[in-house]
Amino acid sequence: MHRLLFALDPETAHERTLDLLALWSERGPLLEASARCLRVEDPRLRVEAWGLSFPNPLGLAAGMDKDARALGAWWALGFGFAEVGTLTPRPQEGNPRPRLFRLLEDRALINRMGFNNRGAQAAAERLARFRGRGLAFPVGVNLGKNRDTPLERAAEDYLEALRVLEPYGDYFVLNVSSPNTPGLRTLQEGPFLDELLARLRPATAKPLLLKVAPDLSPEALDQVVALSLKHRLQGLVAVNTTLSREGLRSPLAHETGGLSGRPLKGRALEVLRHLAQAPLTLVSVGGVEGPEDVWERLKAGARLVQVYTGFVYGGPLFPRRTLKGLLRLMEAEGVRALRELWA
């Protein structure tokens, strides 16, 4: 099945997969029976962050399930949490197709999706139904602005999306680092970010995080940290996709958009180690391909780790294989439970 999907156009494959997973998500007894075979339930993997309990540290990154269609499936496949979005206040189509590319030679993806989603209200309704099922599965909500909203009014979009979704998310992430919405990364700069956080932080008592770009300089990262601490954010998600094309072999390397996957691994780890000096809870994402990457990120200062492209290439058993491998690595180094890393 996984090979058949790779024979399709990348976005078509993504849509068909989500259709199937959304259907599976609604099959309660069948979903639970599958989960008993697929999930790795082990107290050694449990992580506490922001007052939330995560059954394991491996999460699904934003972008895979923008509209919160398949949350039950992500739980059943073995993820410890999922982040939906990016969601904007109003539905939008995103950029013209083609806008998603597989770089097979590099184990990477390039996307220029442009925050295509069905809007905050539709996602809120799905999240409300999922919450009604009572599954112990933390869900983050990634927020963005509509493409046609001027930068000077961006905060209004984030506030509106937050207002609609606030009852249903366990934590919220402000996406100011996607390269596919014109001008969005300007919001990472000091004055824009200061104003945005000043308006957003009082709007929710739930954990609020910021997602940062891998292309920021050390000085710019330090400024993000300073403003995050000033406005009492609970953490950072590091990193988003990159505009760099260094070292790529694929003939599709010239496509515009954000690059994710294996080529981002080194930079994601570098940014994580820089940010780990700050008293913020960190979620690491970018180039995660297996248990060794997860273990390396956790030891480098991440509390949680997310995957997107590694899951696309790794297939549906990726979470189970990764968590089983993580337990073996913990045993080899004498770590009895992940909480020992932060004691």
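**Figure 1. Arginine side chains over aromatic rings.** In this predicted model, R303 lies over the face of W342, at a distance of 4.5 Å from the ring centre. A second arginine, R102, is placed over the face of F6, and here the distance from the ring centre is 4.6 Å.

**Figure 2. Aromatic pairs and an aromatic cluster.** Nine aromatic pairs are found when the whole structure is searched. One of them is formed by F130 and F137, whose rings meet edge-to-face, with 6.3 Å from centre to centre and 75 degrees between the planes. F130 has a relative accessibility of 6% and therefore counts as buried, since the limit for that term is under 20%. F137 is likewise buried, its relative accessible area being 2%. Elsewhere in the model, W50, F54, F81 and Y171 come together as one aromatic cluster.

**Figure 3. Surroundings of G140 in strand β7.** G140 belongs to strand β7, which covers residues 139-143, and with a relative accessible area of 0% this glycine is buried. Leaving aside residues up to four places away in sequence, G140 touches A82, E83, V84 and Y171; Y171 is also a member of the aromatic cluster with W50, F54 and F81. The view may be extended to L52, which is 88 residues from G140 along the chain, while the C-alpha atoms of L52 and G140 are separated by 11 Å.

**Figure 4. Helices α9 and α10.** Helix α9 is made of residues 265-275 and helix α10 of residues 291-300, and their axes come within 9 Å of each other and cross at roughly 20 degrees. Because angles under 35 degrees count as roughly parallel, this term applies to α9 and α10. The crossing in which α9 passes α10 is right-handed. On the side of α9 the contact is made by K265, A268, L269, L272 and R273, and on the side of α10 by D293, E296, R297 and A300.

**Figure 5. Two cis peptide bonds.** Most peptide bonds are trans, and this view turns to two that are cis. The peptide bond leading from G85 to T86 is cis, with omega near 15 degrees, and T86 itself is part of strand β4, which consists of residues 81-87. The bond that joins R97 and P98 is cis as well, with an omega of about -5 degrees. In contrast to T86, which is in a strand, P98 is found in a loop, namely the one between β4 and β5, where β5 comprises residues 100-103.

**Figure 6. Two residues with positive phi.** Most residues other than glycine have a negative phi, and the residues shown here depart from that pattern. A68 is not a glycine, and yet its phi is positive, at about 60 degrees. The place of A68 is in the loop that runs between β3, residues 58-60, and α4, residues 71-77. With a relative accessible area of 4%, A68 is buried. R107, which is not a glycine either, has a positive phi of about 50 degrees, and this arginine is located in the loop between β5 and β6, the latter strand being residues 108-111. Whereas A68 is buried, R107 is partly exposed, with a relative accessible area of 30%.

Notes
Residues are numbered from 1 along each chain as its sequence is written. This is a predicted model: local features need pLDDT of at least 70, side-chain atom pairs count only at pLDDT 80 or more; totals for chains, interfaces and linings use all residues. Side-chain values use heavy atoms; hydrogens and water are left out. Rings of Phe, Tyr and Trp (its six-membered ring) pair if their centres lie within 6.5 Å; planes under 30 degrees apart count as stacked, over 60 as edge-to-face and the rest as tilted. Buried means under 20% relative accessible area, exposed over 50%, partly exposed in between (1.4 Å probe, protein chains only). A charge sits over a ring if NZ of Lys or CZ of Arg is within 6 Å of the ring centre and within 35 degrees of the ring normal. Axes are lines fitted to C-alpha atoms, for helices over the stretch in contact, and angles run from 0 to 180 degrees between N-to-C directions. Helices (H or I, at least four residues) and strands (E, at least two) are DSSP runs, numbered from the N terminus. Angles under 35 degrees count as roughly parallel, over 145 as roughly antiparallel, 65 to 115 as roughly perpendicular and the rest as oblique. A crossing is left-handed if the near helix is turned anticlockwise from the far one by less than a right angle, and right-handed if clockwise. Contact means heavy atoms within 4.5 Å.
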